[in-house]
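Please find below my notes on this model, set out as numbered points that can be read beside the sequence and the coordinates.

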Amino acid sequence: MPPDDRNHTAADLAAPALPRRGQGFLVGAAIGLGRAAAAAERGGADFLLALNAGRLRMRGTSSLAAMLPLGDANAETLAFARAEILGRVSIPVYFGACAFDPRLDPEAFARELAAEGFAGIANFPTATHFDGRFRAALEAAGLGYAREVALLVAAKKVGLATFGYAKTREEVDAMTAADVDILCVNFGWNAGGSAGFDGRVGLDEAGERARQLIRRARRARPGTPCLVEGGPIVTPEQMYQVCSRAGADGYVGGSTLDRLPFEISVMQSTSAFKTASLVGSRALGQASGDARPPGFVGMVGQSPAFRDVVATIGRVAAGDLPVLIVGEPGSGKSLAARAVHAAGPRRRGPIIAIDISGEIASGDAEAEVKLFGREAEDGRRRRLGALETGDATVIVERIERLGPGAQARLAAWLESGTFERVGGAEPIRGRARLIATTASDPLRLAARGELRDDLLARFLPARIDLPALRDRLEDLPLIARHILASLPGSPAHLDTEAYRALLRHAWPGNQRELRAVLERCAVRARGGVISADGIESAIASARARAPADSEDERGWIVEGLRRHRFRRGATASYLGLSRKTLYNKMRRYGIDG
């Protein structure tokens, strides 16, 4: 909507519900760009802070520049908020007001902000970031923290909500005396990234300091939400560590929500293009019209753990060493294996996946035939093994379930480069690349005699460890959106509370469990919107019905089919799967019906 078409009045403030204590963990986004505001709202932010620091970050400088006399902070903040944020989001917007200007009339300015449509006002830039002689001089001149408090008091008189930054006990006392609606303990400028501030406050110290200040505030004003911001908090895990220790009601993110993710995203994208160029012209489709570029289909994330995995895949894929991928059930081992193939020199060749299930493992000879082939004998035709296929990538899932004979053959082939077909004597040069997966610690498997030491030694130089989903929860919203977008039909989407319900779950089944839950929710979503109740119900159902281990999955599916007289639609609904997923699993396990 064009700016001229908006009518911002105090009546508009009734629409968004103001954050309050007891409504759950609050997250505020301190931003300086309309797109960042819209993205934060979609991500589930409870409120926004329009700050001149956010605007300066988007221009490539540090938030610290917000404290310098570079221009009229209030005029610039009002201009971008009016043009890019107000009327474009449905959550409360707080105006970051600079009280340093001696020409500012607090009450008149507060009335102007109310007329514009702001829900509230925050004291930013704030004198909390100053100390020593300069801070003392500011206070003596009447331009310091007391003036910020006076501005918030004036704002309350015209019906605006108030958000107060504080760092010391005296500042907390001043804010609680002014009856601010939200108190935020600020640790200073954020660390991290290319423009981060190298602060001296550690996570433990920050948590303890916030705990003491929040306890002091609650003694004075028990119902006031108390949040934390800044300093050493860069990742969601660090936020949780500090907030848990402090007993905080929420968190405000500034550069952690806009600058850092932006830098990471651009860095990853640039790195991906650079990597593609280094692979060679074939990877870019210049040598052949049907060549496809390397990709990581199905792998989604931006967390440090995910970036480490992508970087490792890139390094491993460039060579031809055998690869071992280690990760919990459902963590995406098959996707990672396919990413290694797609990013490597064999990308044009086929992928041959061999799942060493209980049936195959019980007959070691059959597994050997699949891998190494079989010479013609007893009237049977010669059968070529997977390892003979030129430019192929052979993926052996659950390598520890491969029998001792097949493991010995694999170790010998990796040592010499040749093998003999089952029943044959002629040396065959294996031309395929080998990728193995396991859900267990390979060193423990070797110690228990389930994995040969000489075979493990061949895998270790190119080992890839996949993190569990619970160890990279910051990726969960991206993964959830990717899964929903991949479902057939009109894709469903999650509301804000549904995302929070996802984040509350530990996901012992990792991405496989997440997909099952989302598929079940998408089928039942009303109006294409998945609610928190739908998520909780699907999780509870999955806990009750899903097998504890993937090897029991075949029996789980067969039991479901029998219970519903092999009606696939009813079975899929009962199991919490989509019909397509059920059909794929039935084909995989050779289930007729």
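1. In this predicted model, the crossing of helices α11 and α12 is right-handed. Helix α11 covers residues 304–317 and helix α12 covers residues 333–343, and their axes come within 8 Å while crossing at roughly 50°. Angles of 65 to 115 degrees would count as roughly perpendicular and those under 35 degrees as roughly parallel, and α11 and α12 are therefore oblique to each other.

2. The residues that make this contact are I313, V316 and A317 on the α11 side, together with A336, A339, V340 and A343 on the α12 side. Sorted by class, the contact of α11 with α12 has 7 nonpolar residues, with no polar and no charged ones.

3. How much of α12 is buried? The helix is mostly covered, with 8 of its 11 residues buried, namely K333, A336, A337, A339, V340, H341, A342 and A343. Besides α11, the elements against which the buried residues of α12 pack are the strands β9 (323–326), β10 (351–355), β13 (393–397), β16 (433–438) and β17 (463–465).

4. Strand β13 also leads to a backbone detail that deserves a look, since R398 is placed in the loop between β13 and α15 (404–416). R398 has a positive phi of about 60°, although this residue is not a glycine. Buried means under 20% relative accessible area, so R398, at 15% relative accessibility, counts as buried.

5. A second pair of helices to examine is α18 (residues 476–486) and α20 (residues 510–524), whose axes come within 10 Å and cross at roughly 50°. The two helices α18 and α20 are therefore oblique to each other, and their crossing is right-handed. From α18, the residues I479, A480, I483, L484 and S486 meet Q511, L514, R515, L518 and A522 of α20. By class, this contact of α18 with α20 has 7 nonpolar, 2 polar and 1 charged residues.

6. Where does W507 lie? It is found in the loop between α19 and α20, and its phi is near 55°, which is a positive value in a residue other than glycine. Because its relative accessibility is 0%, W507 counts as buried.

7. Within helix α19 (residues 496–504) one finds A501, which counts as buried because its relative accessibility is 1%. Leaving aside neighbours within four places in sequence, A501 is in contact with A532, I535 and E536. For the last of these residues, E536, the C-alpha atom is separated from that of A501 by 6.9 Å, although the two residues are 35 residues apart along the chain.

8. One further peptide bond should be checked by eye: the bond from F124 to P125 is cis, with omega near 0°. P125 is found in the loop between β4 (120–123) and α5 (132–140).

9. As for the protein chain as a whole, there are 24 helices and 19 strands, and 49% of its 593 residues count as buried. Among contacts between residues at least 6 apart in sequence, 71% join residues at least 24 apart. The protein chain exposes about 27,600 Å², of which carbon and sulfur atoms supply 52%.

Notes:
Residues are numbered from 1 along each chain as its sequence is written. This is a predicted model: local features need pLDDT of at least 70, side-chain atom pairs count only at pLDDT 80 or more; totals for chains, interfaces and linings use all residues. Side-chain values use heavy atoms; hydrogens and water are left out. Axes are lines fitted to C-alpha atoms, for helices over the stretch in contact, and angles run from 0 to 180 degrees between N-to-C directions. Helices (H or I, at least four residues) and strands (E, at least two) are DSSP runs, numbered from the N terminus. Angles under 35 degrees count as roughly parallel, over 145 as roughly antiparallel, 65 to 115 as roughly perpendicular and the rest as oblique. A crossing is left-handed if the near helix is turned anticlockwise from the far one by less than a right angle, and right-handed if clockwise. Contact means heavy atoms within 4.5 Å. Ala, Val, Leu, Ile, Met, Phe, Trp, Tyr, Cys and Pro count as nonpolar, Asp, Glu, Lys and Arg as charged, and the others, Gly among them, as polar. Buried means under 20% relative accessible area, exposed over 50%, partly exposed in between (1.4 Å probe, protein chains only). Accessible areas come from the Shrake-Rupley method with a 1.4 Å probe; for residues, only the protein chains shown count as cover.
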